[in-house]
Amino acid sequence: MPTDCISFKDTGYFSQLICDYLAEAESLKPFYNRFPNIENFETQIKEKQQNFNHNNRGVLVKVLQNQYHNLDTSEATAANIKLLADGKTFTITTGHQLNLFTGPLYFLYKIVSTINLTKQLKVEYPKYNFVPIYWMASEDHDFEEINYFNFKGKKIRWNKQASGAVGDLDTDGLQEVLDLFTKELGIGTNAKRLKTLFKNAYLEHDNLAKATHYLANALFGAHGLVVIDANNKDLKQLFIPQIKTELFNNTSFKTVTESSGQLSKVSDKYSIQVNPREINLFYISKNIRERIVFKDNKYSVLNTSITWSKSDLLKHIQDAPECFSPNVIMRPLYQEVILPNLCYIGGGGELAYWFQLKANFEANNIAFPILLLRNSVMIKTKQQTEKLNKLNISNTDLFLKRDSFINKKVREISNIDIDFSEQIQHLQSQFKALYTLAKKTDTSFVGAVAAQEQKQIKGLQHLEKRLLTAQKRKLKDQVARMTDLQYQLFPNYSLQERNLNFSELYLEYGTDLIPHLIKNLKPLQGEFLILEI
């Protein structure tokens with residue numbers, strides 16, 4: 001199982017913000033709490049111990065036991081749920097949407113990163129316990145983002161009219177999806193297992209949250225993963241103080257707006273991921289999830305007839321906290337209120353918006369977790385590795401954008417020299433003498449010399465480009481083999497993990513797939529992993 005690594009920066013697929021974070025740039029330090037080094041977790045543990053309301057543990061354990069009541073729960077997961085009642089137990093959390101059949105491959109990498117970090121922390125800090133958590137984004141309402149997965153270059157899509165929180169969606173229509181998926185799967189033991197897994201998850205459960213819970217538990221329960229659906233009245237009861245603060249003080253709007261402005265000043269290359277609203281809560285009930293707004297001295301729910309006075313709203317919060325749903329700004333705060341959490345593991349886009357949130361945590365007196373970029377992986381088969389070696393294509397070559405990749409490889413395999421940089425340098429040295437002569441005779445002549453220099457340099461560059469194009473035609477068969485290989489590993493000219501569904505790899509590796517990932521992913525390594533299995 002050979003492995004190789006490349007820095008996130010050198011892949012060319014990660015933002016300047018994330019690369020600066022991984023480099024521990026001084027200018028970013030005000031926007032996070034502690035960098036994810038193993039030694040920093042000791043201080044994070046102490047801060048969370050002092051900051052977390054330990055009475056919340058009993059509620060958390062009870063809710064989780066209820067949510068696992070009808071599931072085949074592994075001994076490891078059941079033990080982890082019980083451990084959460086202990087004041088020396090802490091969580092490592094990742095979150096993900098309820099994508100159909102897990103969606104992109106990085107769903108697995110998020111969870112494996114989380115599981116492996118808990119293992120590493122237990123070795124380093126044996127007197128504490130660490131539980132891996134997968135937070136299901138059951139309250140999201142963007143169905144179009146989650147209603148498909150890619151399989152062998154095709155989109156397997158669930159066509160359905162949907163509204164409200166996606167976790168509450170019934171699973172009608174998924175038999176047709178399974179029928180289509182089955183045709184694409186073909187035959188074999190692994191294909192049969194995938195079909196059974198899909199059927200048991202989506203046809204044996206009546207809503208998307210329960211189906212996703214089953215699926216994540218089936219894939220990772222043996223490794224002690226605890227799945228939580230936080231769309232729950234008892235858990236939201238714990239969040240009532242923050243709900244009130246948000247509704248009546250607009251705290252997150254003020255703090256996140258200020259933090260976003262400060263982050264923008266650090267670098268114009270940083271993109272602001274989320275923009276806060278005056279109230280960052282939705283109202284949810286059957287088939288609706290709509291924003292709460294304050295206008296004309298009353299609170300109301302957009303696109304509905306629901307309105308409250310302040311006193312009525314206060315009473316409704318106490319009676320039905322489950323109706324108040326945090327948006328992307330408030331969800332992280334909710335997570336840290338109900339979980340004894342030390343670290344959040346997410347992708348680059350997720351971490352980017354977390355950097356906007358630290359001041360809001362401070363205003364709510366909630367400890368800000370350590371932020372860790374999830375593992376990223378490219379998986380190669382042995383056959384692909386052999387072909388790459390024969391064509392002398394390195395792992396670094398693979399990460400080049402397509403045109404740069406082709407140009408580099410054509411130059412390498414060509415039997416003629418297509419690099420005119422030496423000729424251009426020689427030309428520039430000759431023009432130095434002309435510049436000296438022009439300055440001595442007539443300085444107005446300098447501009448004419450410069451124009452002639454640029455004309456001749458452009459001429460050489462144009463010849464180089466034409467020669468390169470001619471060689472591409474001549475070597476088109478070799479170029480085709482190389483680009484086909486690159487496309488296999490970078491489908492749609494993007495990272496494999498953002499396009500493939502795990503089922504494609506499962507067909508190849510079956511039940512060995514997740515153990516391979518558990519063995520090789522190192523969450524604190526801070527590099528992009530290339531794995532041959």
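**Close-up 1. Thr 212 within helix α9.** In this predicted model, Thr 212 sits in helix α9, which covers residues 208-220. Its relative accessibility is 4%, so Thr 212 falls under the 20% limit and counts as buried. Within the helix, the side chain of Thr 212 reaches back to the backbone oxygen of Leu 208, at 2.8 Å. Setting aside neighbours within four places in sequence, the contacts of Thr 212 are Leu 98, Tyr 134 and Met 136. For a sense of scale, look across to Phe 324: it is 112 residues from Thr 212 along the chain, and the two C-alpha atoms are separated by 22 Å.

**Close-up 2. Helix α9 with its packing partner α8.** Let us stay with α9 and bring in helix α8, residues 189-203. Two packed helices are described by the angle between their axes and the distance between the axes. For α8 and α9, the angle is about 145° and the axes are 7 Å apart. On the α8 side, the contact is made by Leu 197, Asn 200, Ala 201 and Tyr 202. Helix α9 brings Leu 208, Ala 211, Tyr 214, Leu 215, Ala 218 and Leu 219. Leu 208 thus appears in this contact, and its backbone oxygen is also the atom reached by the side chain of Thr 212. Sorted by class, the contact of α8 with α9 has nine nonpolar residues, one polar residue and no charged ones.

**Close-up 3. The crossing of helices α6 and α24.** Here helix α6 (residues 106-124) meets helix α24 (residues 513-520), with axes that come within 9 Å and cross at roughly 50°. What does that angle make the two helices to each other? An angle of this kind lies between the 35 degrees limit for roughly parallel and the 65 degrees where roughly perpendicular begins, so α6 and α24 are oblique to each other. The crossing of α6 past α24 is right-handed. From α6, the contact is made by Leu 108, Tyr 109, Val 112, Ile 115, Asn 116 and Lys 119. Facing them from α24 are Leu 513, Ile 514, Leu 517 and Ile 518. The contact of α6 with α24 divides into eight nonpolar residues, one polar and one charged.

**Close-up 4. Three residues with a positive phi.** Most residues other than glycine have a negative phi, and most peptide bonds are trans. Phe 101 has a positive phi, near 50°. You will find Phe 101 in the loop between strand β2 (89-96) and helix α6. With a relative accessibility of 0%, Phe 101 counts as buried. Tyr 493 is not a glycine either, and its phi is positive at about 55°. The loop that holds Tyr 493 runs between α22 (476-489) and α23 (502-509). Asn 250, just after helix α11, also takes a positive phi, of about 55°. In α11 itself (residues 240-249), the buried residues are Ile 240, Gln 242, Ile 243, Glu 246, Leu 247 and Phe 248.

**Close-up 5. Gln 384 in helix α17.** Helix α17 spans residues 382-390, and Gln 384 is found in it. Is Gln 384 buried or exposed? Its relative accessible area is 12%, so Gln 384 is buried. The side chain of Gln 384 reaches the backbone nitrogen of Thr 381, at 3.0 Å. Beyond its neighbours within four places in sequence, Gln 384 is in contact with Ile 379, Leu 485, Gln 488 and Leu 489.

**Close-up 6. Asn 56 in helix α4.** Our last close-up shows Asn 56, in helix α4 (residues 56-67). Asn 56 is buried, with a relative accessible area of 5%. Which backbone atom does the side chain of Asn 56 reach? It is the backbone oxygen of Val 337, at 3.1 Å. Neighbours within four places in sequence aside, Asn 56 is in contact with Val 337 and with Leu 238.

**Overview. The chain behind the close-ups.** To place these views, step back to the protein chain, with its 24 helices and 15 strands. Its C-alpha atoms fill a box of roughly 90 × 60 × 50 Å along the principal axes. Of the 533 residues in the chain, 52% are buried. Among contacts with a separation of 6 or more, 76% are between residues 24 or more positions apart.

Notes: Residues are numbered from 1 along each chain as its sequence is written. This is a predicted model: local features need pLDDT of at least 70, side-chain atom pairs count only at pLDDT 80 or more; totals for chains, interfaces and linings use all residues. Side-chain values use heavy atoms; hydrogens and water are left out. Axes are lines fitted to C-alpha atoms, for helices over the stretch in contact, and angles run from 0 to 180 degrees between N-to-C directions. Helices (H or I, at least four residues) and strands (E, at least two) are DSSP runs, numbered from the N terminus. Angles under 35 degrees count as roughly parallel, over 145 as roughly antiparallel, 65 to 115 as roughly perpendicular and the rest as oblique. A crossing is left-handed if the near helix is turned anticlockwise from the far one by less than a right angle, and right-handed if clockwise. Contact means heavy atoms within 4.5 Å. Ala, Val, Leu, Ile, Met, Phe, Trp, Tyr, Cys and Pro count as nonpolar, Asp, Glu, Lys and Arg as charged, and the others, Gly among them, as polar. Buried means under 20% relative accessible area, exposed over 50%, partly exposed in between (1.4 Å probe, protein chains only). A polar contact is a pair of N or O atoms within 3.5 Å; within protein, one must be able to donate a hydrogen and the other to accept it, and residues adjacent in sequence count only if both atoms are side-chain atoms.
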